[in-house]
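Thanks for making the time this morning. Please have a look at the model on the screen, and then I will walk through a helix, a pocket and a small sheet.

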Amino acid sequence: MTVATTVDMRGYPRGRPGPVSDGTAIEGPYRGHYRETYVFALPGGPLRCKVHEPRSELFRFDRTSFVSEDRLLLDLRGRVSRIPEITVLDEHVLLQRFIEGRTLGRSPAGTLSARHAGQLGQLFGELVALDAGSIGARRLHDPVGPPADGDTGAFLDGLVTFTEQQVYRLHQDRFGSLFRELGVGERALDAIRARSRGLTSRPFTLVHGDLHRLNFVVDAADDLWTIDWELSMIGDPLYDLATHLHLMRYSPREAGRTARLWAGAVESVRPECARGWREDLATLLAYKRVQSVYTDVIRGAIALEQPGAGPVPGRLPVIAHRVREVLSRARVPLGLDAVPSLRRVMGAYARWIQGPASAGPHPEEHP
């Protein structure tokens, strides 16, 4: 991947800075789920920018809607506060400003400060002010076609279908036995699809789609910036609240406070975008919990693979604990009578690593 004519990421060693011709250094790669990020200073000034390089070897667990995150951010300039600025070098090369600071991932879990909560509420309000007609950034072609504006049931059904077809069925030959041992069957998403038909209609708006702790950066002025707009889409505005609550792992009290913050911000800008939110939030949260099972089961399996040497030592208990936790959170929407024990989850992964001959239920491992 080449940026302008002087910065070519392919020429530098992975994992440590590499010099460019003017003596500055490239930092990175910083690895996310879908891409690597490189940070470097522009010649002649203190401003630092970042560019992304896709990690093509990894599975995609989430839909993408826009052709270019940078083009979307350029379109949002002046309409959404505290997002990365875009430097346009020419019509083909856009650089994204690197926000200096710390992510909320480095902050203690729990409540947001009053300042950050207020800025989060501002973000929610600014997002619902933007509908499909106000976003000029080009979107990817959807062969099925986008759902009609306000059809929240079709929007959720599309997400369910993506998880079912592009995450589970596409990789069923490789991971199917592991899912079956963990009690996650082929029809696990049917109940969510059925619930989607009862959702209240809400006008579609811009949705960030990935509002978790690592995508919020606190700068030196204690302002909250929102980064990583890669998974943005046009859809049900309530989906942002559900995703945020699911990923932030708030206490029940803080989750309730944040939900009311979202509702107040949305109702002050476009009241119709908050219709039925109390009744529908549970359905969207159920989808996010089930989606996490599919995602984390596969990611755990990939993390354990080490060609020719079996599981990476010490990782199995950690991964099994994480997978058991997501299974526990999704027990009700999955329809599980009981959550598999840690021992059973570890056994399922160990047999999956060894191959098909060792797969199958083992009676000595209690649920």
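**Helix α4 and its surroundings**

The cover over the buried residues of α4 includes α3, α8 (277-304) and α11 (342-354), where contact stands for heavy atoms within 4.5 Å, and where helices are DSSP runs of H or I with at least four residues, strands are runs of E with at least two, and both are numbered from the N terminus. Before going on, I should say that this is a predicted model, in which local features need pLDDT of at least 70 and side-chain atom pairs count only at pLDDT 80 or more, while totals for chains, interfaces and linings use all residues. Residues are numbered from 1 along each chain as its sequence is written, and side-chain values use heavy atoms, with hydrogens and water left out.

Which residues of α4 are buried? In this helix, residues 172-181, they are Phe175, Gly176, Leu178, Phe179 and Glu181, buried being under 20% relative accessible area with a 1.4 Å probe and protein chains only. Just after α4 comes Gly183, with a positive phi of about 85°.

For the chain as a whole, 51% of the 367 residues count as buried, and there are 11 helices and 13 strands.

Let me turn to the second largest pocket, which has a volume of about 800 Å³. A pocket here is an open set of points on a 1 Å grid over the protein atoms alone, where a 1.4 Å probe fits, with protein on both sides within 12 Å along at least five of seven lines, and lining residues have an atom within 4 Å of a point. The volume is the space filled by probe spheres set on the points, which are joined across faces, edges and corners.

Of the 26 lining residues, Arg63, Asp142, Gly145, Pro146 and Pro147 are the closest to the centre of this pocket. Helix α3 (152-168), already met as cover for α4, gives the largest share of the lining, 8 residues, and β13 (233-235) also supplies at least two.

Finally, the small sheet: three strands form an open sheet in the order β9-β11-β12, with antiparallel pairing, and two strands pair if DSSP finds at least two bridges between them. Its edge strands, each pairing on one side only, are β9 (102-103) and β12 (224-226). Between β9 and β11 (residues 216-218) the antiparallel pairing runs over 2 bridges, and Arg102 stands opposite Val218 in β11.

Definitions and conventions:
Buried < 20%, exposed > 50% of the residue type's maximum accessible area, 1.4 Å probe, protein only.
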